[in-house]
Amino acid sequence: MSAATPYNGVHSLLPARNRVSFLTCHDKTRLVSEPLDALGFALEPLAIYDTDHFGTFSREVSRTGTAKDTVLAKAKLAAELAGLRFGLGSEGSFAKDPHIGWMPWDYELLCLWDNERQYAVFALAGSGATNYSHCEIEDIDAAVKFMDKALFPEHALILGKPGDAWFRKGIRDRDWLIDQLHWLLSSPKRIWLETDMRAHLNPMRQAVIREAGVELAKRLSSRCPECAAMGFAVVRSEPGLVCMDCGISTPLASAHTWECPACAHIERRPVTTKAPAINCEFCNP
Ligand SMILES: [Zn+2]
Ligand SMILES: [Zn+2]
């Protein structure tokens with residue numbers, strides 16, 4: 001899409017450098033446009049490419065790289081396909097929570113690629129507020145229990161696995177699903193049910209993608225003091241900030257290392273305050 005082609009009356013008036021091509025099949029633009037708009041970026045959804053090539057949650061296509069590789073590849077492709085300076089990619093993944101390690105956790109990554117200066121800015125949001133789950137059921141009662149726990153039908157479900165004759169995604173019709181299960185279970189078998197995690201069918205994921213959008217805007221607003229590139233951010237922290245009462249080292253950060261994603265300029269910034277005694281293992285064991 002060239003700058004002369006009106007995308008809509010508003011975006012076409014912006015210079016090409018502020019237009020951002022967003023590779024998304026699942027209507028994520030409305031979730032992240034507000035904080036980026038405030039920075040002067042206009043998102044243009046690019047749905048001409050099927051992002052399922054990068055992998056699906058429902059196992060038809062498995063993702064080959066890490067979430068970070070994938071989101072960067074999407075952002076680069078978005079800029080390339082639209083012929084714009086900026087491309088945006090989005091990628092969700094589900095893993096164990098970072099605290100106790102057994103709850104499902106929704107990680108939403110966003111990546112803005114600057115094709116002119118050839119660097120990327122990443123933002124991550126994570127949340128335990130997810131319905132991500134699956135089960136195998138042998139009777140309707142178990143199915144209904146799973147539906148309720150999965151917050152169905154506000155959140156869509158998947159019936160069966162790829163290869164099953166009854167495999168179907170994006171189900172939001174409770175009566176249809178229950179009829180289908182009655183029919184399938186009329187002969188004894190185990191039926192696979194899982195949550196459909198595609199963003200447009202999962203309001204809980206949408207909330208986390210919104211948070212990632214806010215985080216991305218925050219990162220983009222932080223400029224490198226050397227080259228003015230966006231995304232100057234803390235990449236490492238050193239523990240050991242001393243306690244204000246007893247002077248012993250605490251786990252709080254005593255210095256942060258900031259790095260520019262474009263020119264690799266690095267600054268180590270010591271923390272100039274002392275740690276509150278509440279964070280001290282000696283004063284507050
Ligand atoms: Zn202390
Ligand atoms: Zn820089």
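1. Two strands are taken as paired if DSSP finds at least two bridges between them. In this predicted model, strand 3 (residues 86-96) and strand 4 run antiparallel and are joined by 11 bridges. At one position of this pairing, K96 lies opposite P104 of strand 4.

2. Strand 4 also pairs with strand 5 (residues 119-127), again in the antiparallel sense, and 9 bridges connect these two. Opposite positions here include D106 with S127 of strand 5, and L109 with L124 of strand 5. Strand 4 thus has an antiparallel pairing with strand 3 and another with strand 5.

3. The link between strand 4 and strand 5 is a hairpin, with 4 residues between the strands. One backbone detail to check in the turn is Q118, which has a positive phi of about 60°.

4. Strand 4 (residues 104-114) is mostly covered, with 9 of its 11 residues buried. Strand 4 also belongs to the cover over the buried residues of helix 1.

5. In helix 1 (residues 29-37), the buried residues are L31, V32 and L36. Viewed down the helix axis, the buried residues of helix 1 fall within an arc of 100°, so they line one face of the helix. The elements that cover them include strand 1 (19-23), strand 2 (42-46), strand 4 and helix 5 (203-221).

6. I158 sits in strand 7 (residues 157-159). Is I158 buried or exposed? I158 counts as buried because it has 23 C-beta neighbours inside 10 Å, and the cut-off for a buried residue is 20 or more. I158 and H134 are separated by 24 residues in sequence, and their C-alpha atoms are 9.1 Å apart in space.

7. On confidence, the mean pLDDT of the protein is 90, and 89% of its residues reach 70 or more. Residues 1-12 have pLDDT under 50 throughout. For this stretch the model has 11 contacts beyond four places in sequence. Where pLDDT is low, predicted coordinates should not be read in detail. The contacts of residues 1-12 come from a stretch where pLDDT stays under 50, and that caution applies to low pLDDT in general.

Note on methods. Residues numbered from 1 in each chain as written. Chains lettered and ligands numbered in written order. Predicted model: local features only at pLDDT ≥ 70, side-chain atom pairs only at ≥ 80, totals over all residues. Buried ≥ 20, exposed ≤ 12 C-beta atoms within 10 Å, placed from the backbone. pLDDT = per-residue confidence, 0-100. Contact = placed C-beta atoms within 7 Å. Arc of directions from axis to C-beta.
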